[in-house]
Amino acid sequence: MPTRALSTAGASALVDALARHGEPAWRARQLQDAIWQPFVSDFEGMLQLPAALRRELAAEFEFSSVVVDTEMLADSGATIKLLCRLGDGQTIETVAMETPAGADSRRRSTVCVSSQVGCAVGCPFCATGHMGLRRNCTAAEIVDQVRAAAGVLHGRGLGPVTHIVYMGMGEPLANAAATLESLSVLTRNGGISARRITVSTSGVVPGIEQLAASGMPVTLAVSLHAATDELRDRLVPINRTYSLGTVLGTASRYAEQSGRRVSFEWCLIGGVNDSIEQAEGLRDLARRAQAHINVIPMNRIEGSPWGPPEPAVARRFLGALRGARVTVRDTRGGDADAACGQLRADLEARRILRPDGTLSPPRVPARA
Ligand code: SAH
Ligand code: SF4
């Protein structure tokens, strides 16, 4: 079984491997290009390489560390949710969201990647938080979700991936080494500019500092959900370690160093964080930080009595944000970037997932 991850192998590792098979260094460029072609789904498809070399590389490198197990469509096909299987049988979610070109905007295709199998932060409104942390994803597993999604988009006649958000399962900055390596590979080899990548965090301060030190100008999204420590301690338990003031101070320094505006995520939960006081607190924090606010009405999940507020309450909350830059994400049908861990949880409920996180074969209906 090949064990070396192909997508995160450095240029010199590829040159060395090629040299061992008597191939010149310039083939590394050909190989690197082939890795990122959405219509190439295995070594056999790398037609620019000699057949013998393709076989030799296949014995040494793993073409992809993720396999698309299930594809589900939402939003009339504009959202494609993928359940990706990893080498050890664990599964993670990857979502591709297609936005057609408008009068003054270009087509976008945003891929939402997972960074961990589960999550240790344990936000009570989040399906992934309810799983606990099973393990970190490797850099290759993060990068290969983007390659797999690009392949699925291509197969459906859609264009290339234009944006990436680290908003799937897991806390990317609790897995900072793999997250940073994946960012570096995606921007260097994958052709995605750092300005089109967003890393979302619940507030892992050392991770934000590492991201700033990397110098890659990605957008930082801070999952705020509460404007006071008292409420945030309950909604985002890592707040007990890194309080609001510490997180916001670190986020402001990140904005200064990277030159990128930070965004604040707010999962709006009926009767929990939808008061006028919380809205005014959020508005003031966002003004001070010059941050953009994304409000996401909560998606109901198994195991939580909470849900989105009544429409009138949501309108009142949004009204109190007037003056700030706000986007409301409509989660109807697609719920793509809000459905953290939910596709997996849905499948778990249908018993396709085993309790240890591995995937059982699809159930065959019993014959009458
Ligand atoms: N762990 C990181 C990134 C992944 S979560 C973070 O928390 O930022 C990505 C986003 O999905 C977060 O903003 C989170 O609050 C949101 N989310 C999680 N569960 C949700 C739910 N049930 N409804 C709506 N948004 C949810
Ligand atoms: Fe983890 Fe983010 Fe879910 Fe919180 S919202 S449990 S940090 S994945």
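Arginine 85 stands opposite threonine 91 in β5. That pair belongs to a longer match-up: seven bridges join strand β4 (residues 79-86) to strand β5 (residues 91-99), and the two run antiparallel. Strands here pair if DSSP finds at least two bridges between them. Helices (H or I, at least four residues) and strands (E, at least two) are DSSP runs, numbered from the N terminus.

This is a predicted model, where local features need pLDDT of at least 70 and side-chain atom pairs count only at pLDDT 80 or more, while totals for chains, interfaces and linings use all residues. Residues are numbered from 1 along each chain as its sequence is written, chains are lettered from A and ligands numbered from 1 in the order in which they are written, and side-chain values use heavy atoms, with hydrogens and water left out.

**The sheet**
- Ten strands make an open sheet with mixed pairing, in the order β3-β4-β5-β6-β9-β10-β11-β12-β13-β14.
- At its edges sit β3 (66-74) and β14 (325-328), each pairing on one side only.
- Neighbouring strands are turned by 20 degrees against each other on average, direction ignored.
- Helix α6 (residues 176-188) lies across β9 (163-166) and β10 (197-201), and runs at about 180 degrees to β9.
- For these angles, axes are lines fitted to C-alpha atoms (for helices over the stretch in contact), and values run from 0 to 180 degrees between N-to-C directions.

**Ligand 1**
- Of the 22 residues around ligand 1 (a heavy atom within 4 Å), Phe125, Gly170, Ser200, Ser223 and His225 come nearest.
- Serine 223 has a polar side-chain atom 2.5 Å from an oxygen atom of the ligand, and for histidine 225 the matching distance to an oxygen atom is 2.8 Å.
- A polar backbone atom of asparagine 299 is 3.0 Å from a nitrogen atom of ligand 1.
- On its own, ligand 1 has 530 Å² of accessible area, and the protein covers 96% of that (Shrake-Rupley method, 1.4 Å probe).
- β10 and β12 (263-268) are the elements that give two or more residues to this shell.

**Ligand 2**
- Nine residues surround ligand 2, and Cys119, Val121, Cys123, Cys126 and Gly129 come nearest.

**Arginine 283**
- Arginine 283 lies in helix α10 (residues 276-289).
- Leaving aside neighbours within four places in sequence, arginine 283 is in contact (heavy atoms within 4.5 Å) with Ala320, Leu321, Arg322 and Ala324.

Key
A polar contact is a pair of N or O atoms within 3.5 Å; within protein, one must be able to donate a hydrogen and the other to accept it, and residues adjacent in sequence count only if both atoms are side-chain atoms.
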